Amino acid sequence: MDTVLTPFSDSNDMVTSGSSSISYAAHTESLPSSEPEIVALRHLSRNLDSILTSDSPSFSDAKIAVAGGREIQIHRCILSARSPFFKNIFSGKERGVKLELKDLAKDFEVSFDALVTVLVYLYSGKVRAARPEGVCVCVDDECDHVACRPAVDFLVEVLYASFVFEVTELVALYQRHLLDILDKIAADDILVVLSLANICGKECDGLLTRCIENIVRSDVDIITLDRTLPDHIVKRIVDSRKELGFHGPESSGFPDKHVKRIHRALDSDDVELVRMLLKEGHTSIDDAYALHYAVAYCDAKTTTEILDLAIADVNHRNLRGYTVLHIAAMRKEPKIIVSLLTKGAEPAALTSDGRKALKIAKRLTRAADYYKSTDQGKASPKDRLCIEILEQAERRDPLLGEASASLAKAGDDLRMKLLYLENRVGLAKLLFPMEAKVAMDIAQVDGTCEFTLASINSKNMVGAQRITMDLNDAPFKIKDEHLNRIRALSKTVELGKRFFPRCSEVLNKMMDDDDWSELAYIQNETQEERQLKKRRYMELQDVITKAFHEDKEEFSKCINIQSSSSSTSIGGVGRPNGKLTLKK
């Protein structure tokens, strides 16, 4: 990210010239470094910076708590002198006061890194460049990281924090930076900038006007605008499009009443009402873009139920040329992505500007989040999981053979098959919780009858409705509930093999080893037996870690080969929910 360094400045130093906002003190860099004033200012800047970044909080007299349990030690005297906002906040407060960032910045989410950037400026007068760990860098290696979503998010967060803390020179600086790159930012991501500019009011009037002009000329549809922006901004955009004779998607106004009724039914998760409205015959599910709408804004369960109606074209394109999978990649919800892929969504489908769903997901994901290490047995980051699922889908590995030798040996013995599937899925829940949950939710395991001999990690199922059965009862007769359970668990294993192959391979080896498969049985055990199994589980960590690394390496090789054989354009795509949805 290009930044303008401002070595020493206060709120009166900022001037605007040409296309960039810089501090007066920045010009002093051209003066001889031997001049006592310049040397003294540099020393002062470094010393104050070291106070903030020091590992020792002994001199701090307040703190700011950030989401995720992180805290920053701060100094009331320095911040009160540099910011009218903090001067007011600390007035009458005693030493040791703890401020919550979510209470200070109420209208927009501010990350830890954005907060630190503003604090560093307040302490030292320096605008710190983006951290090298990947805060402003997406996962796409072909991106220049100037205007991808992580870069835009960081700039917007710093701008908002500067606005809240009343650091006017930083507001001017980051507003100018966003204006400089605005034409490179994807239309959906401009909505994020526009929303923030609207919050900042008069201080960001120039940015707001430019964002609206870009959106007026874009193909962003009226539904996205209405879900994302305040009513007065939407009206301004719609009126401008009419004045200019713009003939983009739904530029004349909102969808007709029948389509709006279908969308409202989806908002209420009422799929039965959707079915009734479609029977009226005024429009089809594809013409109403009902599946696109559900994927963008509704619960994953609602999307699955719409897919189960089997009346929607899973590869249908909306007026912007996006398939449903493209929209799912923007939302970054792994359950929805897997559901679409299992129903035949085409991962190789391109947007009008040549991007696949995988490219969209990568442009939206921060490298810092994607490569963040996670302890085994804990949930994987959703962003990373979505990318890995799409990568695997592009590989198109066939679903051949049994899941494991143990399952093959079970043959037609349904009792043995039940025990095997229960233990395998139970072990998957323990070792790969996020992946297992995705597969189990899509396979609709919830609601089927769970068997007592496979009650691994049952405390994780608190709140679920379960009926337990003892397979030791004789004679054992297969009933409908047994068959439903077999079908659901088998589908879970199938999905795991298709989308998480290396994890599936690890489970195969463990289930085929009698010693390891015993880990799944925790019923009627002594404390010593539990401790032994815990030690055995710890021994599995190296195996699991290696599996994840192999998965990532193989994915990278496959994608590199595909990238060399085809070219796609560079661009960013915004997600239609989450931080983008600021409308009250």
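## Two loop residues with positive phi

Histidine 145 sits in the loop that runs between helix H5 (112-124) and helix H6 (149-164), and in this predicted model the residue has a positive phi of about 60° although it is not a glycine. With a relative accessible area of 19%, histidine 145 is buried, a value that falls under the 20% limit used for that class.

Aspartate 269 offers a second case of a residue other than glycine with a positive phi, here near 60°. Its place is the loop between helix H12 (257-267) and helix H13 (271-279), and at 41% relative accessibility aspartate 269 counts as partly exposed, whereas histidine 145 is buried.

## Overall make-up

The protein contains 28 helices and seven strands, and of its 584 residues 52% are buried. The area that the protein exposes comes to about 27700 Å², with carbon and sulfur atoms supplying 50% of it.

When contacts between residues at least 6 apart in sequence are considered, 71% of them join residues that are at least 24 apart.

## The nonpolar core and leucine 340

In soluble globular proteins, nonpolar side chains tend to be buried together. Here the largest nonpolar core has 159 residues, and Phe165 and Leu340 are the members that touch the most other members.

Leucine 340 belongs to the span of helix H17 (334-342), and, with residues up to four places away in sequence not counted, leucine 340 touches Val295, Leu307, Val314, Val324, Leu325, Ala328 and Ala345. One of these partners, Val295, is also among the buried residues of H14.

## Helix H14 and its cover

Helix H14 (residues 290-297) is mostly covered, eight of its eight residues being buried. These are Ala290, Leu291, His292, Tyr293, Ala294, Val295, Ala296 and Tyr297, a list that includes a histidine and two tyrosines alongside alanine, leucine and valine.

The cover over the buried residues of H14 includes helix H10 (222-228), H12, helix H15 (300-308), helix H16 (324-331) and helix H17 (334-342). H12 is also one of the two helices that flank the loop holding aspartate 269.

## Alanine 349 in the loop after H17

The loop between H17 and helix H18 (357-364) holds alanine 349, which counts as buried at 13% relative accessibility. Leaving aside neighbours within four places in sequence, alanine 349 is in contact with Arg317, Thr323, His326, Arg355, Lys356 and Ala357.

Alanine 349 and asparagine 315 are 34 residues apart in sequence, and their C-alpha atoms are 8.3 Å apart in space.

## The second largest cavity

Rolling a probe the size of a water molecule over the atoms shows where empty space is left. The structure holds five cavities of 30 Å³ or more, and the second largest cavity has a volume of about 150 Å³. The elements that each give two or more residues to the lining of this second largest cavity are helix H22 (414-431), helix H23 (433-443), helix H24 (480-499) and helix H25 (501-512).

In total, 14 residues line the second largest cavity, and those that lie nearest its centre are Ala428, Ala436, Thr492, Gly496 and Leu507. By residue class, the lining of the second largest cavity divides into nine nonpolar, three polar and two charged residues.

Terms used
Residues are numbered from 1 along each chain as its sequence is written. This is a predicted model: local features need pLDDT of at least 70, side-chain atom pairs count only at pLDDT 80 or more; totals for chains, interfaces and linings use all residues. Side-chain values use heavy atoms; hydrogens and water are left out. On a 1 Å grid over the protein atoms alone, a cavity is a set of points where a 1.4 Å probe fits but cannot get out, and a pocket is an open set with protein on both sides within 12 Å along at least five of seven lines; lining residues have an atom within 4 Å of a point. Grid points are joined across faces, edges and corners, and a volume is the space filled by probe spheres set on the points. Helices (H or I, at least four residues) and strands (E, at least two) are DSSP runs, numbered from the N terminus. Ala, Val, Leu, Ile, Met, Phe, Trp, Tyr, Cys and Pro count as nonpolar, Asp, Glu, Lys and Arg as charged, and the others, Gly among them, as polar. A nonpolar core is a set of buried Ala, Val, Leu, Ile, Met, Phe, Trp, Tyr and Cys residues joined through side-chain atoms within 4.5 Å. Buried means under 20% relative accessible area, exposed over 50%, partly exposed in between (1.4 Å probe, protein chains only). Contact means heavy atoms within 4.5 Å. Accessible areas come from the Shrake-Rupley method with a 1.4 Å probe; for residues, only the protein chains shown count as cover.
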